[in-house]
Amino acid sequence: MRGLLKSMGVTLSVFARKPVTRQYPETHRPLPERDRAFPLLLWDENLDEPFCTGCHACERACPVECMTVLMKDNPAHRSQGGTSTRRKIIDKFWIDYGRCMRCNICVEVCNFDAIGMNNTWQGHEQSVYDRADLIQDLPQLLAEHKAGDVKPWIAP
Amino acid sequence: MTAPFTHEHEFETQDLMINMGPQHPSTHGVFRMVLQIDGEVVRDVIPYIGYMHRGGEKLAETMDFRQGIGWMDRTEYLAQHNAELSYVMAVEALAELEVPERAQWIRMILCELNRLSSHFMFTGAFGTDAGVFGTAFVYSFREREVILDLFEEISGDRLMYAYFRPGGLAWDVPANFERRVAEVLKSTKQGIKDMDGLLTENEIFRARTVDVGTISAADAIDWGCTGPVLRASGVPLDLRRTEPYLYYDQVDFDVVTGTNGDVYDRFVVRVEEMRQSVRIIEQCMERLRPGPFLPDRLPRMLRTPPGEIYLRTEAPRGEYGIYMVSRGGNRPYRLKIRSSCFANLQALRDMTIGSYVADAVVILGSLDIVLCEVDR
């Protein structure tokens, strides 16, 4: 009987504590800076083009092969009369969010800090009706950072 | 062990074969056991595993050493840091890498915190199995979430951390690490007290668990049980003490053992182990100094000389071993995971035969299996 009363005492003491639950879809927990949702590409505001040069480093390092990268000559390069210092630039980029295992390796191998992990709730809430919709193309990958909604944390 | 098809009734009866699982809330994943029951008494158990098999060992052989870390998380999804630790320590031993002191202390802290979160998960799920429906489960999840929040702040992910690297850590811990660990420990101590008060002396809980699923020390050793299942039978085998890795030889902690080897002892051993983990973390925090978290010279693509190694560490569920063969190059030629859950699960038949059907769930819960680790 003593043990039962002790158990009830624990249960009763919890009434005096603050609740830890949240009404999730309405209220979101603040996410830490290092939070990793899905990878996205970053936008170079100074030159008005992506940081990514399409060097395939992330594609080769990806454990689950969820990326497809195509490179092209940069039409805005100095030799073409532009202002950019990037000789090559990303042409097409697909990431299959359905395959991605969010291991952060692509961010670590990138030489240009051109890819980062989304650390906002928009990055986590990716539900779609069709798996094919999880495959993101270049405009979709660039959109959030271009609009300034995301500031990914990249390990120094 | 009772022989099948023996009857002591006046009239002819037949044993009933019933399926438990794979879709059963108390099988902790997808695990099927066929119970041969005579009335309420279990006469035989045939376990079926393999529903979660994903070929993780073979997949890791196609990946280089950094890519493989993410797969270790997915084999042992309740003690990811411990699983990663075995893998990276095996790679370090093969490649003869020196790990900086700070990285080792942080690894120890994270592994012990992971042990706490895993044991919280056990106490909650086990409470549900034993009939304390809901209360224990939500209380322990509340405490576990505090620890997972800390892991998320450090590594960026709630569950699949991929934070350890051969040679050290992926990146340094945040600046407020010490304050956050102190906060987490404070709430954890309260959590352990809660779970202890809720279950340990509870008469209903004791009636469900004491002298149920008993296994002797000799049998537990024969089946290859490790971890709390073995220690509950009274064998003080803890790899942190018997063959210290990291800096476990420099900290002070007790190896907790039980006496009867029943379900209740397995619970008590785990609760006491949580207190010891808190002790270890507090000592580690005192010894943590600023410094590098990766060796100075680390090649861009890690390659190991040819060789083979078996390396084991004490995960929350027992001995988590990695057998790795390297033929040179940047990936393992063969990788084998010695799963503690698989070995512990083998003892299930011995423990369950002769008990009641309702106790089969409690006994399975007391083994604290992770089916992803059993099937890999």
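**Cavities and the A–B interface**

Let me begin inside the protein, with the second largest cavity, which has a volume of about 80 Å³. Fifteen residues line this second largest cavity, and the closest to its centre are C62(A), M67(A), C100(A), C103(A) and C106(A). As for the character of that lining, its residues divide into 13 nonpolar, one polar and one charged. I should say at once that what we are looking at is a predicted model, and that every value I quote has been computed from it.

How many cavities of 30 Å³ or more does the structure hold? There are three of them, and the largest has a volume of about 110 Å³. The largest cavity is also lined by 15 residues, of which C52(A), C55(A), C58(A), F93(A) and C110(A) are the closest to its centre. Its lining divides into twelve nonpolar and three polar residues, with no charged residue in the set.

Now let me turn to the place where chain A meets chain B. On one side 31 residues of chain A take part, and they are in contact with 35 residues of chain B. The size of an interface is often given as the accessible area lost when the parts come together. Here the area buried between chain A and chain B is about 2700 Å², and carbon and sulfur atoms give 47% of that area. Which three residues supply more than any other three of the area that chain A buries against chain B? They are R34(A), R36(A) and M101(A), which together supply 23% of it.

Polar and charged groups also link the two chains. Between chain A and chain B, 21 residue pairs are in polar contact, counting pairs in which both residues have pLDDT 80 or more. The elements that give two or more residues to the side of chain A that touches chain B are α1 (2-15), α2 (57-61) and α3 (105-109) of chain A, and α1(A) contributes the largest share, eight residues. By class, this side of chain A has 16 nonpolar, five polar and ten charged residues.

Let me finish with the salt bridges, of which the structure holds 44 over all chains, while nine are found across the interface of chain A and chain B. One salt bridge joins the side chains of R66(B) and E108(A), at 3.5 Å from N to O. Another brings together the side chains of E152(B) and R29(A), with an N to O distance of 3.0 Å. This second pair crosses between chains, with E152(B) placed in helix α5 (residues 135-155) of chain B and R29(A) in the loop between α1 and β1 (39-41) of chain A.

Definitions and conventions
Residues are numbered from 1 along each chain as its sequence is written. Chains are lettered from A and ligands numbered from 1 in the order in which they are written. This is a predicted model: local features need pLDDT of at least 70, side-chain atom pairs count only at pLDDT 80 or more; totals for chains, interfaces and linings use all residues. Side-chain values use heavy atoms; hydrogens and water are left out. On a 1 Å grid over the protein atoms alone, a cavity is a set of points where a 1.4 Å probe fits but cannot get out, and a pocket is an open set with protein on both sides within 12 Å along at least five of seven lines; lining residues have an atom within 4 Å of a point. Grid points are joined across faces, edges and corners, and a volume is the space filled by probe spheres set on the points. Ala, Val, Leu, Ile, Met, Phe, Trp, Tyr, Cys and Pro count as nonpolar, Asp, Glu, Lys and Arg as charged, and the others, Gly among them, as polar. Contact means heavy atoms within 4.5 Å. Buried area is the accessible area (1.4 Å probe) that two parts lose on being put together, summed over both. A salt bridge is a side-chain nitrogen of Lys or Arg within 4 Å of a carboxyl oxygen of Asp or Glu. A polar contact is a pair of N or O atoms within 3.5 Å; within protein, one must be able to donate a hydrogen and the other to accept it, and residues adjacent in sequence count only if both atoms are side-chain atoms. Helices (H or I, at least four residues) and strands (E, at least two) are DSSP runs, numbered from the N terminus.
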